[in-house]
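Thank you all for coming. I would like to walk you through one enclosed space and one helix, so please keep the structure open as I talk.

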Amino acid sequence: SELTVMVSSIRYGASFLLASSLPQASEMEPHSPAEIEELLANITGNHSENAGLLLNASTVNASTNEILKDLLNLVIGDASVSRLNSSEPNSSKGCDWPTCAAYCVPCAKTNKYWTCMSSATTCQLNSQCVLANCYAEPGYCYADAFPKVARCFMGARPPHVRFNHTKFLRMGMAPPVPLPVADFHEWRDWCLQCLFVPAFLFIVSAVWSGYVFYILCLGRGIECHMLPRSRRSYGLLTVIGLTVMVIFQVLRIVAIRDDFEALDYQVDKLEASMLEFRSATEALLQAKTIYNASLVAAAPSCGEHNPLMTWLVSSLSGLLQAHFAEVHVILELTRDFLNRAIDRLQEIDTKYDDFKAHYLYTPIIPVGIMAVGLIIGQIIVLYFWNSKKAATSRVAIYVMRVGAPMIFVAMCLFSLFSSATFYLAIVSSGVCLNIDSNLVESARRVELSEELRETYGQGIETVFAHTAQYYLHGTAVNPLATILQNLQAALFTVKNFYKMFEWLVEAAALSCNGIRALSPVPLVHELLHAVDDAFEFIDVANIYPYYTKTVHTIICDGLSEQLFLVSVMNTLGGLVMCPLLAIMASNHMRTASYAYSKDDGTLLNVEDMFGEEEADEVDTDLIAEKDLVIDHKLSSLTPVQQAFVLFRVQESRDEEVKVRLAKLQEDDSENSDAAD
C-alpha cells in the first residue's frame, strides 16, 4: 500500500506539472483526463498500466484557477467561522487585555497521514479533496488523523473607556444615545434631536445680536448702564480680551499639535510596518517563483539519456508545486489585502492632512476677525474720545451706526459657528459614548463592493466583522491569525511531504545533480520565519495601542472637548466681549455728544464754575452720564409733569445744593447778559 501511494504521488505530480505547464483555459479548452493520461504515458512509457492511480477526474479536469479559487474559498471560509462558544471573559490571574486575547490551539488544515491522490483513497468526514490533499472543512482542523472542531478559548476583554466629555450628555443637552444595534434611522433621528439645544442657543444669540444692533443704531446712551464708561476701563477690557483669546489659541494649537504629532507617529509606524510586511510578502512570492523555476529546470538537468530520473524529478516537481498551491493562495491573499490596506491608509492620510490643517487653523479665523475689529475699534474710539469736540463726537456716532450692520452680521456668523461647533461636540460625545461597540456594529453591517465579494467570496464580510470583534471587543478569534495558521500548516505539510521522499532524492542525486534543487526546506524555513513575524504584527497587543491612541485619546477624548472649548471661546469673544465693548463705546460717545451739545460744543469748564479747589472732585463723564439719564427720563413726561418733577427735585435738595444751584444760575445769567 505504501508503494501504491508513492507511485500515485509521483504520477499525480507529473500530471499536475503537465497541467500547469500547458496553456490555460483562456487559451484552449481544459485538458481531459484521457489527454493528461496520454501525456503522462509518453513520459513513463506506459499507456495503460496504473492508469487507475491517477487523481480523480474532477480534480484533473479543473483548471488551475478553479483549484486556486477552491483553496481561497476554504481559507476565507475557515477565517469566517465563529469559533467561540461563549463571550464570557477569561478571569484567570494574569489574563489581562490586550496581552491575553481569544485564541485557538494550533492544528493543521491538511492531513499528513492521508491523501486523495488515487480513486482508491477518499477524504474523511468534514474534509474535502483539493490538489490530492485532504483539507479540513471550515471550522475543522487535523489535530490528529481525523478532522475535528478547532479548540478555541476566550481571553480577556478590553475595559470600557469613559471620556470626560460625557458631561454634555449628563447635563441633558442631548436625548438618550441610541444603542449600537440601533439602525440608521434611529441614529438620524437622534442627530436631528440633538439640534434643539444648539438651535435654541443660536436663536438667543440672534436676538442678542439684534438688540446690540438696535443700541448701536438707535440707542440713547443709557442702555446697559451697569457697564463702565471710562476710557481706562474700555482699554483695559480690550487688552484683557485680546490676551485671553491669544493665550487660548496658542494653548489649543500646542495641545492639538502634540496629539497630532503622536498620531502622525502612530500612523507612520503602522504604514511603515505594513509596507515592510508587504515587501516581505512580495519577496516571499518572488522566492517561491524562483523555486518553481528551479523545479521546472531540475528535470532537464538529468540529461536526455536518463529518462527514468527525468520522469522522477518531473513528478516530484509537480507534487511540490501542488503542495505549494495553498501557500501561493495565502501569500497572494496577504499581498492583495496589504495593497488595499496601504492604498486606503494613504488615501486617509491625504484627507487627514487636510482635516488637521482645518482643525488647527480654522478656529483662528473668527478669532483673527475679532482681534482686528477690536484693535480698529480701539483706535477709532480713543481718537474720538480724545478729540473733545461735539462735531467729532457726532461723527463717531455716525460711524457707530454705519458699522452696526457689519457688527450684526459678524455676530450672526459667530452665533452660527459657535452653535455648529457645539452641535458637533454633542454628536461626537454621543457617538463616542460606546465607540467600540459602535465600530464593531458598523463593521458587521458594512457592505463591501461586488468586486471584493466576487474575488474573495461572501465570507469576506464576515471576516471583516470578526476582525473588528477581535481587536475592539475581544469576543472573536482573529481571522487573520486563522489565515496565517493555514499558511503555517500548509508549510509544515510541504515539509513533511518532502521528508517522505527525501531518501529517494538523496539516492537519485548521485546520477542527477539537478534533483537537489527540489528541496523546499530553505524556502519553507524562510516562509515560517515570515509567518512568525506576521503573527507578532497582527497580534492585538501590537494593533490595539494604535487604535486607543487614535480613536480613544485624540478623536473621542480630545476632539469633543476641543470643539466645546472653541464654541465657548467664540461665544465669549464674538457674542459677549466685542458687543459689550461696542456698547460701552457707543454709550460714551452719545453721553459726550449730549454734554457737548448742552455746552455749545465744549466741555464743562469746571474750574471757572467751581474754582480750582473743587474741580478735582467733579467727574465730567459722570455728570454727562447722569445728565443724559435724567434728560431721557424727563423727555418721556409732559411739560407740566417735567416742571413739577424739577420743582420737587429742587425743593428736596439740601441747602448747600440750593446755594450752588443759585450761583450757577447767577453765573449763567451774567454770561448771557455779557453776550447780549
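**A cavity and a helix**

Lining the second largest cavity are Asp78, Arg83, Cys104, Val105, Cys107, Lys109, Tyr140, Cys141, Ala150, Thr482, Gln485 and Asn486. I should say at once that this is a predicted model, and that the structure holds four cavities of 30 Å³ or more, of which I discuss the second largest, with about 80 Å³ of space in it.

If we sort its lining residues by character, we find six nonpolar, three polar and three charged. Which elements supply at least two residues each to this lining? They are strand S5, residues 140-142, and helix H16, residues 479-508, and it is H16 that gives the most, with three residues.

Let me now turn to helix H15, which runs over residues 459-473 and thus has 15 residues. From its first C-alpha to its last H15 reaches 20 Å, which is close to the 21 Å expected at 1.5 Å a residue.

Why can we call H15 largely enclosed by the rest of the structure? The reason is that eleven of its 15 residues are buried, where buried means under 20% relative accessible area. Those buried residues include the aromatic-looking pair to find on your screens, Tyr470 and Tyr471, together with His466 and His473, and also Gly459, Ile460, Val463, Ala465, Thr467, Ala468 and Leu472.

Finally, if you follow the chain just past the end of H15, you come to glycine 474, which takes a positive phi of about 75°.

Key: Residues are numbered from 1 along each chain as its sequence is written. This is a predicted model: local features need pLDDT of at least 70, side-chain atom pairs count only at pLDDT 80 or more; totals for chains, interfaces and linings use all residues. Side-chain values use heavy atoms; hydrogens and water are left out. On a 1 Å grid over the protein atoms alone, a cavity is a set of points where a 1.4 Å probe fits but cannot get out, and a pocket is an open set with protein on both sides within 12 Å along at least five of seven lines; lining residues have an atom within 4 Å of a point. Grid points are joined across faces, edges and corners, and a volume is the space filled by probe spheres set on the points. Helices (H or I, at least four residues) and strands (E, at least two) are DSSP runs, numbered from the N terminus. Ala, Val, Leu, Ile, Met, Phe, Trp, Tyr, Cys and Pro count as nonpolar, Asp, Glu, Lys and Arg as charged, and the others, Gly among them, as polar. The expected span of a helix is 1.5 Å times one less than its number of residues. Buried means under 20% relative accessible area, exposed over 50%, partly exposed in between (1.4 Å probe, protein chains only).
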